[in-house]
Every structure is written in C-alpha cells, then in structure tokens.
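Good morning, everyone. Please take a moment to look at the sequence and the model before I begin.

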Amino acid sequence: KALPQGSDPAPIQAAGPSYGCPATFNDADGDASSLPGGAPQLDILHGDVALASDGTHVRAALTVQNLSTTVPTGWLNEDWIMYWTQPDNGVPPPTGDVSDAYAVAATVDVLGNITYSDGTIAFDSSGGYSYTAVNTVTGSFAPGENGRVEIDAPLSDVGLASGTQMGTVGGATDEGNNVEGLIVDEAAGGGSWTLGTPSCLG
C-alpha cells in the first residue's frame with residue numbers, strides 16, 4: 001500500500017500553470033514529496049482523460065515536471081496512476097479501506113521496464129491507497145521536461161462509454177518496493193468530468 005508522507009495531504013485542484021488547453025485537472029509545480037530526494041518525474045502538473053479516436057478506448061495521461069525512467073534511490077519501482085470515482089466498479093473495498101474505483105497505471109521498475117495496466121484502486125481513511133492491476137494495456141512514455149505518460153485502456157475494462165459521467169478524476173504518483181510505498185504527489189479535479197469533454201489530449 002502507498003502511504004502519504006507525514007500528515008494526510010488531501011487531493012487538491014491547484015491553480016497550476018496555464019497550458020493553453022482545458023486540462024481535466026491541474027496541480028501546482030514543485031509540490032511532490034519524495035524520499036530521499038527530489039523526483040521531478042513524479043511531480044504532477046496536470047492530468048487529462050479523453051475518448052480515443054477509435055471510440056473504444058479511454059486515454060488517461062499525467063504530465064509531470066520532468067519525466068524519466070529513473071526510480072528514486074532506495075526504491076524498486078515508481079507509478080503514475082489515474083482514477084475516476086464513477087461509475088461504481090462493483091468491487092467491495094478491502095477490509096480497512098473506505099472506497100474502491102476504476103483506475104489505470106504506468107509502472108517503471110528499477111531496470112527501466114515500463115508496463116501499462118488497468119484495474120482498481122482502493123483508498124483508506126488516512127489517505128493511503130492500493131492499486132490492483134487487472135489487465136495489461138497499452139500506453140506511451142514521452143520523457144523530458146513537461147513529459148507525459150499515457151495509459152490507453154479499453155472502455156469495457158473500466159466501466160466507461162462516450163458521455164459517461166466519471167465523477168472525480170484524479171491522479172497520483174508513488175515510489176515503492178516489495179514491502180511499502182510512498183505517495184509522492186496527488187491531484188484531482190472538482191465536480192464530475194464527462195468522457196468526451198475536450199481536454200489537453202483533444
């Protein structure tokens with residue numbers, strides 16, 4: 001399970017920089033909290049969802065300060081996660097958790113291997129979460145300043161269709177190993193997002 005560092009920082013929708021496009025949610029630059037040092041590859045700037053041109057996939061992407069496959073020192077992997085709170089995924093939260101939602105993730109291991117998946121994410125009352133991968137999917141990884149990691153999941157995997165109300169759309173990044181994880185950054189939008197609404201993905 002990935003846990004917050006120190007007091008629980010609730011997901012927020014910060015002003016963030018202007019990208020000249022309608023981001024699904026923005027986040028302040030420089031607010032990521034990584035141990036033992038900085039991790040600009042995990043510092044969220046904005047998150048976006050869009051219906052793919054084929055009409056059968058959702059595109060979910062996080063743009064970060066400086067994307068790379070460098071895993072922070074002392075950890076074995078890092079994750080970029082996007083989730084939405086509607087529709088209900090029908091999965092009862094695990095014991096000790098309070099909610100469960102559809103999610104997608106990109107994971108990089110210490111060797112630099114990238115995997116993309118869809119699944120579910122369970123949240124507890126203290127701000128921690130556990131992501132469970134269900135299916136391997138496709139995605140893209142564009143490193144560098146304002147780099148973007150994107151996960152493309154079949155709509156049927158994640159309860160969506162064009163025009164679906166997605167509830168709150170949020171994102172999180174974390175660093176972890178086989179025993180524990182640390183949430184590095186979180187952000188979420190306000191209100192309910194409708195799939196098909198223009199975003200920075202088009």
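I will go through the pocket, then a strand pair, then one glycine.

This is a predicted model, in which local features need pLDDT of at least 70 and side-chain atom pairs count only at pLDDT 80 or more, while totals for chains, interfaces and linings use all residues. Residues are numbered from 1 along each chain as its sequence is written, and side-chain values use heavy atoms, with hydrogens and water left out.

The largest pocket (on a 1 Å grid over the protein atoms alone, an open set of points where a 1.4 Å probe fits, with protein on both sides within 12 Å along at least five of seven lines) has a volume of about 270 Å³, taken as the space filled by probe spheres set on points joined across faces, edges and corners. Its lining, meaning residues with an atom within 4 Å of a point, comprises 20 residues, and Ala 2, Asn 77, Asp 79, Tyr 131 and Asp 174 lie nearest the centre. Among the strands (DSSP runs of E, at least two residues, numbered from the N terminus), β6, β8, β9 and β13 each give two or more residues to that lining, and β9 gives the most, with 4.

Turning to β8 and β9, these strands run antiparallel and are joined by 7 bridges, where pairing requires at least two DSSP bridges. Gly 119 stands opposite Ala 133 in β9, and in the hairpin, with 4 residues between the strands, Gly 127 takes a positive phi near 100°.

Finally, Gly 181 belongs to β14, residues 181–188, and counts as buried because its relative accessibility is 14%, the cut-off being under 20% relative accessible area with a 1.4 Å probe and protein chains only.

Definitions and conventions
Buried means under 20% relative accessible area, exposed over 50%, partly exposed in between (1.4 Å probe, protein chains only).
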